[in-house]
Amino acid sequence: MTIQVAKLSDPAVRAFVTAVNAHDREAFKAVLAPGATMSDDGSDRDLDDWTDREIFSTHGHMDVDNESDGGRALIARYSNDTWGEMKTKWRFTVDDGKISRFETGQA
C-alpha cells in the first residue's frame with residue numbers, strides 16, 4: 001500500500017518526493033543543502049547530471065511503499081520514461097532541514 005506523500009514523516013524527504021513527483025526543479029534544488037551529493041547503486045554520481053537524466057527529462061515518479069529511520073529511508077516504486085518501474089531504496093542524510101546526501105538503488 002502506497003504512503004501518501006503528505007504523510008511522509010521527515011519534512012525534507014517529503015519535500016524531495018513532492019518535488020520529484022511534480023517535476024519541479026526549483027523546489028527540488030531548494031530542498032538540497034549546498035554541495036549535496038548522491039549515489040546510485042553504490043556509485044557516487046554527479047547530482048545535476050543524474051537528476052536531469054533520471055528524474056526531470058524522463059518524468060521520474062516515486063510511489064513510496066515503506067518508510068523507516070524516522071522517514072529518512074524509503075522503499076519506493078520508482079518509474080521514469082527510460083527504465084519503466086522498479087522497486088528502489090532511498091536513504092537520506094538531512095542536516096538543518098536540507099538534504100545533504102541521498103543514496104538510491106534497486107531494492
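Eleven aromatic pairs are present in this structure, where rings of Phe, Tyr and Trp (for Trp, its six-membered ring) pair if their centres lie within 6.5 Å, and where planes under 30 degrees apart count as stacked, over 60 as edge-to-face and the rest as tilted. A pair of aromatic rings is described by the distance of the centres and the angle of the planes. One of the pairs is formed by Trp50 and Trp90, which meet edge-to-face at 6.5 Å centre to centre with 75° between the planes. This pair links distant parts of the chain, since Trp50 belongs to helix α3 (residues 47-56) and Trp90 to strand β5 (residues 84-95), 40 residues apart; helices (H or I, at least four residues) and strands (E, at least two) are DSSP runs, numbered from the N terminus.

The model is predicted, so that local features need pLDDT of at least 70 and side-chain atom pairs count only at pLDDT 80 or more, while totals for chains, interfaces and linings use all residues. Residues are numbered from 1 along each chain as its sequence is written, and side-chain values use heavy atoms, with hydrogens and water left out.

Are the two tryptophans buried or exposed? Trp50 counts as buried at 4% relative accessibility, and Trp90 is buried with a relative accessible area of 2%, where buried means under 20% relative accessible area, exposed over 50% and partly exposed in between (1.4 Å probe, protein chains only). Trp90 also forms a stacked pair with Phe92, at 6.3 Å centre to centre and 10° between the planes, and both of these residues are buried. Ring pairs join Trp50, Trp90 and Phe92 with Phe16, Phe28, Phe56, Tyr78 and Phe102 into a cluster.

Phe16, a member of that cluster, is also among the buried residues of helix α1, which are Ala12, Val13, Phe16, Val17, Ala19, Val20 and Asn21. These buried residues pack against α2 (25-31), α3, β3 (61-68), β4 (73-80), β5 and β6 (98-106), a contact being heavy atoms within 4.5 Å. Helix α1 (residues 11-22) has twelve residues, which at 1.5 Å a residue should span 16 Å, and its end C-alpha atoms are 16 Å apart, which agrees; the expected span is 1.5 Å times one less than the number of residues. At the N-terminal end, Asp10 caps α1 through a side-chain oxygen that lies 3.0 Å from the backbone nitrogen of Ala12. After α1 comes His23, whose phi is positive, near 55°.

The structure also holds eight salt bridges, each defined as a side-chain nitrogen of Lys or Arg within 4 Å of a carboxyl oxygen of Asp or Glu. Three of them are given in the table, with the separation of N and O.

| Salt bridge | N to O distance |
|---|---|
| Asp49 and Arg53 | 2.5 Å |
| Arg91 and Asp69 | 2.9 Å |
| Glu103 and Arg101 | 2.9 Å |

Arg91 lies in strand β5 and Asp69 in the loop between β3 and β4, so their salt bridge ties together parts that are 22 residues apart in sequence. Arg91 is partly exposed, with a relative accessible area of 40%. Asp49 and Arg53, by contrast, are four residues apart in helix α3 and are therefore separated by about one helical turn. Both of these residues are partly exposed, Asp49 with a relative accessible area of 43% and Arg53 at 37% relative accessibility. Glu103 likewise counts as partly exposed, at 35% relative accessibility, and Glu103 is linked with Asp44 and Arg101 in a network of salt bridges.

Which residues does Ser39 touch, not counting residues up to four places away in sequence? They are Asp44, Arg45, Arg101, Phe102, Glu103 and Thr104, and this list includes Asp44, Arg101 and Glu103, which make up the salt-bridge network. Ser39 is placed in strand β1 (residues 32-40) and counts as buried at 5% relative accessibility.

Two loop residues that are not glycine remain to be described. Asp41, in the loop between β1 and β2 (43-45), has a positive phi of about 50° although it is not a glycine, and it counts as exposed at 51% relative accessibility. Asp96 is found in the loop between β5 and β6 and, although not a glycine, has a positive phi of about 50°; at 83% relative accessibility, Asp96 counts as exposed.

Methods
A polar contact is a pair of N or O atoms within 3.5 Å; within protein, one must be able to donate a hydrogen and the other to accept it, and residues adjacent in sequence count only if both atoms are side-chain atoms.
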